[in-house]
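This briefing covers side-chain contacts, nonpolar cores and one helix of the structure shown below. The points are grouped by topic.

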Amino acid sequence: MPRTLPRTVQLRAAGVGLVVELCAPLPRILHWGEDLGGLTDEECGALALTADGAVLHNSLDEPRQFTVWPTEADGWSGTPAHQGHAAGTATTPKPRLVAAEEHDGELVLRLAEDGAGLDLTLAYRLGPSGVLAVRTTIARRPDAGPAPYDLSAVTTLLPLPHRASEVLDFTGRWCRERSPQRRPLGYGGHVREQRRGRTGQDAPYLLTVGVPGFGFRTGEVWGVHIGWSGNQRWLAERLPEGAGTHASVLGGGELLAPGEIRLAPGETYTSPVCWFGWSGSGLDGLADRFHTLLRSRPSHPATPRPLTLNSWEAVYFDQRPGRLVALADAAADIGVERFVLDDGWFLGRRDDTAGLGDWTVDPAVWPDGLAPLADRVHARGMQFGLWVEPEMLSLDSELARARPGWILGPSAGLGPGSRHQYALDIGNPQAWAYLLESLDTIVTQYSVDYLKWDHNRDLHEAVRRAADGRDRPGVHAQTEALYRLLDALRSRHPGLEIESCSSGGARVDLGILAHTDRVWASDCNDPVERQAIQRWTGQLLPPELIGSHVGDARSHTTGRITDSSFRLLTALFAHAGIERDLAACTPGELAELRAWGALYKELRPLLHSGRVVRADLGEDSALLHGVVAADASAAVYCWAQTASSPQAQPGRVALPGLDRAGSYRVRVRTEAGLPSFRQVVAPAWVTAALGGWVELPGPVLSGAGVPMPVLDPGQALLIEVRRAARTTRVRTAAGV
């Protein structure tokens with residue numbers, strides 16, 4: 001039950017602490033970061049006493065404060081917590097604390113803003129992972145007056161110390177999602193705005209600020225993720241006068257279009273959750289917190305992630321029933337557990353210029369419907385999956401011709417198409433109901449186990465049409481309607497799994513993952529590109545939520561030709577699958593895929609439960625990453641070379657995450673094939689590990705490191721580590 005609170009409230013979990021002083025008129029944040037321990041009342045008083053800095057010349061007449069709701073009323077000149085107006089008035093909010101409750105790791109603050117007639121609720125929840133979830137609700141009072149309150153922005157902000165001075169975030173494009181970029185945090189705002197109507201391939205993803213030179217394994221870092229699949233605004237901001245006694249702020253929220261949220265009396269706006277993480281052990285520590293958070297969800301996939309074959313790169317739009325039944329049989333023969341029929345099965349869909357919106361099976365292609373294929377897939381013991389893109393429609397479709405008013409776009413005329421398609425206004429209750437019934441019918445008729453849910457364009461001019469021509473912004477309504485649609489479909493089909501795909505990896509966020517089961521990280525299966533894409537997608541998501549498939553030797557997105565072993569090992573460290581025409585494979589290639597599939601099934605209990613680790617090597621062309629069991633009893637590592645390096649050999653490299661006091665057995669796994677080496681003789685331990693287990697102590701493996709083999713570009717080696725039978729090691733003084 002909620003209790004009477006002391007003046008200072010501490011939230012503590014997993015080595016993280018948030019300390020808030022419940023002072024008037026607004027609480028202030030005294031600390032967020034490393035857990036300070038269970039502070040006594042005296043120690044909390046000392047923390048509050050030292051939260052007042054100097055009074056500066058030509059500045060406020062009292063020490064600056066950084067409150068939970070920073071605005072100009074505090075003398076805050078940075079980005080305010082919220083902006084808005086009521087018919088041009090009530091533009092300077094001045095909220096005050098009216099109530100506070102704390103229960104089971106959640107602090108709820110209730111504020112009143114009398115000028116605009118608003119009641120604000122801030123909820124801070126620090127879960128067992130140490131990730132802090134913050135959500136804001138703004139309610140317009142019923143007696144606030146007739147003019148609507150135009151809400152322009154709601155921004156959640158937390159303070160950062162002076163030592164947090166280097167920024168890492170991400171950019172990207174199609175087939176090169178989540179490309180990292182680093183820079184110093186200077187004075188002013190590092191602001192990223194996503195105006196794509198979806199998360200975006202260039203999304204900041206996890207905006208991180210840390211001590212200079214932080215890496216995967218070292219350095220203190222603070223990060224924020226906005227759990228929202230529409231427009232967003234992210235920022236790290238530093239003012240010359242600081243933020244109270246703190247140096248800067250980190251935060252974000254939904255990016256609202258003008259007039260998008262107009263609160264009439266009695267209406268409420270709820271912000272997306274902003275997820276804040278802190279780590280004292282670098283980016284791997286931060287990633288581990290988010291992985292722990294996601295794995296603790298009741299909705300997190302609980303069954304082994306099935307080895308998947310997707311038909312896209314096998315047949316593209318050339319869907320012939322006999323060919324696809326044969327592909328399904330071949331997939332079952334090599335151990336595939338889920339078969340997915342991609343784009344091209346529905347009415348009029350011979351290419352990407354027509355058909356979207358008409359979610360019925362095309363009898364010209366499938367005269368007997370999908371039953372012959374779906375039944376064969378199920379009879380062979382596999383799950384049956386289907387590609388859909390419900391939020392889009394083609395102008396050349398029966399739906400667009402019958403319901404032009406359902407298009408999300410200006411009444412005065414549509415702008416240019418993208419991939420020959422436009423968005424469907426699913427905020428329209430009739431359009432939403434049409435999609436639910438259409439999808440429900442297909443899933444029911446063919447016992448569909450899995451939907452690959454795509455979204456292949458940015459939303460430009462995303463306004464909802466009105467008969468009087470007074471179009472209204474639609475991204476917020478579109479995003480909320482999507483979440484409701486996914487939930488409604490899953491409630492009708494509790495066993496149905498859904499993948500978030502969006503031109504590859506353009507909708508990867510914790511908002512969509514609250515309603516789906518995995519993401520498609522990128523349309524690029526080229527392992528050279530995929531190594532980087534998966535490395536950084538894993539900064540937020542654990543491997544079991546990231547789809548990665550093995551394609552043909554020649555990548556259809558880059559044209560690059562790569563060895564099969566490199567492609568297979570790259571896909572292994574995710575939710576693995578196949579994206580190729582098995583009929584074109586040689587018997588040797590099929591045997592290789594079968595062996596790799598068996599290896600994936602053997603290792604996935606570890607890969608999909610352990611801690612992701614990444615080594616700091618000082619160069620990008622060589623990568624060492626792996627997954628280590630929570631008790632450090634087992635691990636698998638991928639040693640990869642994506643390009644040539646001026647360094648002739650890598651020397652000793654420590655395998656991160658192992659117990660330095662333990663003893664281990666090491667071997668090289670060869671089921672996916674061996675790489676091409678750029679060496680005459682391998683390091684002795686590698687030669688031995690190719691023949692079986694080699695015992696090596698923890699101080700060598702994880703401390704001093706072992707000399708790694710020299711690989712040709714575009715190659716990878718798989719290393720397995722298991723704890724050896726427990727032995728007693730006697731340490732002696734030097735010279736004894």
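In this predicted model, Arg182 lies over the face of Phe214, at 4.0 Å from the ring centre. Arg182 also forms a salt bridge with Glu166, with 2.9 Å between the closest N and O atoms. Because Arg182 lies in strand 12 (residues 179-184) and Glu166 in strand 11 (residues 166-171), the pair ties together parts that are 16 residues apart in sequence.

**Charges over rings**

- Arg182, which sits over Phe214, counts as partly exposed at 39% relative accessibility.
- Its salt-bridge partner Glu166 counts as buried, at 16% relative accessibility.
- Lys452 lies over the face of Trp520, at 5.5 Å from the ring centre.

**Salt bridges**

- The count of salt bridges comes to 53.
- Glu391 and Arg507 meet through their side chains in a salt bridge of 2.8 Å, N to O. Glu391 lies in the loop between strand 23 (383-388) and strand 24 (392-393), and Arg507 in the loop between strand 29 (497-500) and strand 30 (518-520), so the pair ties together parts that are 116 residues apart in sequence.
- Both Glu391 and Arg507 are buried.
- Asp318 and Arg323 form a salt bridge at 2.9 Å, N to O. Asp318 is partly exposed, with a relative accessible area of 32%, and Arg323 counts as partly exposed at 26%.
- A network of salt bridges links Glu602, Arg667, Arg669, Glu671, Glu720 and Arg722.

**Aromatic pairs**

- The count of aromatic pairs comes to 13.
- The ring centres of Trp312 and Phe317 are 5.2 Å apart and the planes stand at 90 degrees, so the pair is edge-to-face. Trp312 counts as buried, at 18% relative accessibility.
- Phe346 and Trp387 have ring centres 6.1 Å apart and planes at 10 degrees, so this pair is stacked.
- The pair of Phe346 and Trp387 links distant parts of the chain, 41 residues apart: Phe346 is in the loop between strand 22 (338-341) and helix 5 (371-379), and Trp387 is in strand 23. Phe346 and Trp387 are both buried.
- Phe170, Tyr205, Phe216 and Trp536 are joined by ring pairs into a cluster.

**Nonpolar cores**

- In soluble globular proteins, nonpolar side chains tend to be buried together.
- The largest nonpolar core here has 180 residues, and those with the most contacts inside it are Trp32, Tyr124, Trp345 and Trp596.
- Helix 8 (residues 475-492) provides the largest share of this core, with eight residues.
- A second, separate core has 28 residues, including Val686, Leu701, Met708 and Leu711.

**Helix 12**

- Trp685, Val686 and Ala689 are buried in helix 12 (residues 684-691). Seen down the helix axis, the buried residues fall within an arc of 100 degrees, so they line one face of helix 12.
- Val686, one of these buried residues, also belongs to the second core.
- Ala684 and Gly691 are exposed, on the face of helix 12 turned away from its buried side.
- The cover over the buried residues of helix 12 includes strand 37 (663-669), strand 38 (694-697), strand 39 (706-707) and strand 40 (715-723).
- Gly692, just after helix 12, takes a positive phi of about 155 degrees.

Methods:
Residues numbered from 1 in each chain as written. Predicted model: local features only at pLDDT ≥ 70, side-chain atom pairs only at ≥ 80, totals over all residues. Heavy atoms only, no water. Buried < 20%, exposed > 50% of the residue type's maximum accessible area, 1.4 Å probe, protein only. Helix = DSSP H or I, 4+ residues; strand = E, 2+ residues; numbered from the N terminus. Arc of directions from axis to C-beta. Contact = heavy atoms within 4.5 Å. Salt bridge = Lys/Arg side-chain N within 4 Å of Asp/Glu carboxyl O. Core = buried A, V, L, I, M, F, W, Y, C linked by side-chain atoms within 4.5 Å. Phe/Tyr/Trp six-rings, centres within 6.5 Å; stacked < 30°, edge-to-face > 60°. Lys NZ or Arg CZ within 6 Å of the ring centre and 35° of its normal.
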